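Thanks for coming. I will take a few minutes on the ligand site, then turn to one residue beside it.

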Amino acid sequence: AESDWRTANSQSMKDTFSKENGYDLIFDDAQQKQENQITAIRNFIQQEVDYIVLAPVTESGWDPVLKEAKDADIPVIIVDRMVDVSDDSLYTAWVGSDFKLEGEKACAWLKAYTEAKGMKEVNIVDIQGTIGASAQIGRTEALNEAVKSNGWNLLAQQTGEFTQAKGQEVMESMLKQYKNINVVYCENDNEAFGAINAIEAAGKKVGPDGDILVMSFDTTKAGITDTLSGKIILNTECNPLHGPRVEEIIKKLEANEKVDKKAYVDEGIFAHSDDVTTVKAGDKDFDVTKVTKDVIDKRAY
Ligand code: GYE
């Protein structure tokens, strides 16, 4: 199944900023291209919209167009991934995930799990997200640090562009090159689905009693369904339901109230088993939820 993280994210915006709720939403799907996003922002400025909401594909290159929005006095609210700008006043507020922390949670879990299972060697490959996207930067960084501090063997690291097709392609080539892979760290669910296909096509087994443990991020319904079966051994949440969060920010701005410059969303950790029940990451303890049918049924995305 193709993951619908992005669909859930867009739908959440559309549901919140509906006509019935009193909004006039102009929605632009930039097809994961920054140049399209920049063009869309310029169009929005020209149309003199009241607010611009941006889910930036990558972090860099935003200064000029955000300056244009600022000069036009249009507040820009950033969601999900971050922008890397020279001047913080170029956007009004940001709400999204702590991607580094997500990665740290996943790695802390892997350390505890491999110890609990007596796995002597961790031969890991990393299928990275879109290079330069906050979600990739944070998750990769956390893995690189864990590899160093735990003495894991990082065999290969390559982008799968956050897509199933590319995830599969990259996994196929990694499997040809390395015979001893026992963990694959996929930086989102789409890539995990592709990696699982590649591993199974190569005649290997995924899962707790198989050859390779597949890790993922997002916890979409399709993703945690694979976590229930064990095909994905651990899935770290990345919550896409930003519509209501953006609305809260806009309501505060309308009421001339102060808004947080940056707000992180609380996110969970979802595992196939209960071998590890808590992990420590970023100096905090996090519970690990064992995926059940009930968890899947309650999932809104
Ligand atoms: O994990 C992935 C999407 O930026 C948080 O990017 C998002 C990530 C999410 O393509 O599925």
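**The ligand site**

The ligand sits in the largest pocket. Please keep in mind that this is a predicted model.

Two elements each give two or more residues to the shell around the ligand: helix H1 (5–16) and helix H5 (134–150).

Which residues surround the ligand? Going along the sequence, they are Trp5, Arg6, Asp80, Arg81, Phe99, Ala135, Arg139, Phe162, Asn188, Asp218 and Cys238. Sorted by class, that shell holds five nonpolar residues, five charged ones and one polar one.

Next, the polar contacts to the ligand. Asp80 has a polar side-chain atom 2.9 Å from an oxygen atom of the ligand. For Arg139, an N or O atom of the side chain is likewise 2.9 Å from a ligand oxygen. Arg6 also places a polar side-chain atom by a ligand oxygen, at 3.2 Å.

How much of the ligand's accessible area does the protein cover? On its own the ligand has 300 Å² of accessible area, and the protein covers 99% of that.

Now to Arg81, one of the residues that surround the ligand. Where is Arg81 found? It belongs to the loop between strand E2 (76–80) and strand E3 (93–96).

Is Arg81 buried or exposed? Its relative accessible area is 9%, and the cut-off for buried is under 20%, so Arg81 counts as buried. The side chain of Arg81 also has a partner within the protein: one of its polar atoms lies 2.7 Å from the backbone oxygen of Val57.

That is what I have on the site.

Notes. Residues numbered from 1 in each chain as written. Predicted model: local features only at pLDDT ≥ 70, side-chain atom pairs only at ≥ 80, totals over all residues. Heavy atoms only, no water. Near = heavy atom within 4 Å. Polar contact = N/O pair within 3.5 Å; in protein donor to acceptor, adjacent residues only side chain to side chain. Areas by Shrake-Rupley, 256 points an atom, 1.4 Å probe, with all protein chains shown as cover. 1 Å grid on protein atoms, 1.4 Å probe; cavity = no way out; pocket = protein on both sides within 12 Å on 5 of 7 lines; lining within 4 Å. Sits in = over half its atoms within 2 Å of the grid points. Helix = DSSP H or I, 4+ residues; strand = E, 2+ residues; numbered from the N terminus. Nonpolar A, V, L, I, M, F, W, Y, C, P; charged D, E, K, R; others polar. Buried < 20%, exposed > 50% of the residue type's maximum accessible area, 1.4 Å probe, protein only.
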